[in-house]
Amino acid sequence: MGLYHGYGAAVDPRDGIAVIRTAVEHGVTFFDTAQVYGPFTNEELVGRALAPVREQVVIATKFGFAFDGTRSTGLDSRPGHIRATVEDSLHRLGVDCIDLLYQHRVDPEVPIEDVAGTVEDLITEGKVRHFGLSEAGVEVIRRAHAVQPVTALQSEYSLWWREPENQILPTLIELGIGFVPFSPLGKGFLTGAITTTTAFDPSDLRSSLPRFTEQARAANQALVDQLGRIAARTGATNAQIALAWLLAQHPTIVPIPGTTKTARLLENIAAGEVELTADDLAELTAAAEKVEIQGERYPEHMQRWINR
């Protein structure tokens, strides 16, 4: 996402392709994009970058937003719209089949059974391999899964957003559905690189998020400080500790940290080699429980897109 959307100006396409191909060279096989990233331009970049290694990787993209030209105007998961936009995604990605197709956000105007049934038809037609949901609640997950088995749920999960542990993760484990946490580094906050003095460009999503106000950042710093103490003790970085904690929560968790920089990419990949002891994990979890995280994840107009 961050190569074209959400965190300021888009990167030079050559640099974006270089980062993606470096990831492949270092063993990364799962790449996540969406129609709304850009919109549209991120799918094109991912398709170009992965074309030489298409058979070695899994490509996930998403449907579910309406567009007025190149501007998103809200949710739309009507079956006809799903079909039309999936055809566009196939073209932009330069592929015959999308490996994992997510509904980007649950559309309250369209029964989830209709959505799952449409994806089921696309799977039968060979245009999609697997069905996924994003930010869906337990009831929606179960209803969708009864029509077309859900392969993965993508929702936010990290040391500073642990709500999925209450109901979502147990349901996924019960049903055999994988979990793909986005923002596993708290949109960069858990790395320690963001402080109360950090200034965000107006085009950066974080400039409008309640959790990234100066006051919230000051209150939430205690969790970052604890990460830093364990990182210093183990010789890892904050980011690596945060990712290692997440990976340790269950074997079916596959986090998707995003970056525009090769150095950060390699740092994130190395988190897979970090082994936290049971005491380390307990200490991190206890620290997260002690810090009363300040600020909502999203402003009100975005909160209503999250199904609970």
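Two strands are taken to pair if DSSP finds at least two bridges between them. In this predicted model, strand β7 (residues 150-156) and strand β8 (178-182) satisfy that criterion, pairing in the parallel sense over five bridges. Within this pairing, L153 stands opposite F179 of β8.

The two strands belong to an open sheet of six strands, arranged in the order β1-β2-β5-β6-β7-β8 with parallel pairing. Strands β1 (30-32) and β8 stand at the edges; each has a single partner strand, so one side of each is left without a neighbour in the sheet. On average, neighbouring strands of the sheet are turned by 30° against each other, direction ignored. Elsewhere in the sheet, strand β2 (residues 58-63) pairs with strand β5 (residues 98-103), again in the parallel sense, over four bridges. In this pair, K62 has Y102 of β5 as its bridge partner. Helix α4 (residues 112-124) packs on the sheet, where it touches β2, β5 and β6 (128-134). The direction of α4 makes about 160° with that of β6.

The edge strand β8 is mostly covered, with five of its five residues buried. In a regular strand the side chains alternate between the two faces of the sheet. In β8 both faces are covered: G178, V180 and F182 are buried on one side, and F179 and P181 are buried on the other.

The loop between β8 and helix α7 (214-234) contains G186. Because its relative accessibility is 0%, whereas the buried class extends to values under 20%, G186 counts as buried. Apart from neighbours within four places in sequence, G186 is in contact with S158, W160 and F212. From A34, G186 is separated by 152 residues in sequence and by 20 Å in space, C-alpha to C-alpha.

A further packing arrangement involves two helices. Helix α1 (residues 13-25) and helix α2 (residues 41-50) pack at an angle of about 50°, with their axes 9 Å apart. This angle makes α1 oblique to α2, and the crossing of the two helices is right-handed. On the α1 side, the contact is formed by P13, G16, I17, I20, R21 and V24, which meet L45, V46, R48, A49 and L50 of α2. The residues of this contact divide into eight nonpolar, one polar and two charged.

Terms used:
Residues numbered from 1 in each chain as written. Predicted model: local features only at pLDDT ≥ 70, side-chain atom pairs only at ≥ 80, totals over all residues. Heavy atoms only, no water. Axes fitted to C-alpha atoms, helices over the stretch in contact; angles between N-to-C directions. Parallel < 35°, antiparallel > 145°, perpendicular 65-115°, else oblique. Left-handed = near helix turned anticlockwise from the far one by under 90°. Contact = heavy atoms within 4.5 Å. Nonpolar A, V, L, I, M, F, W, Y, C, P; charged D, E, K, R; others polar. Buried < 20%, exposed > 50% of the residue type's maximum accessible area, 1.4 Å probe, protein only.
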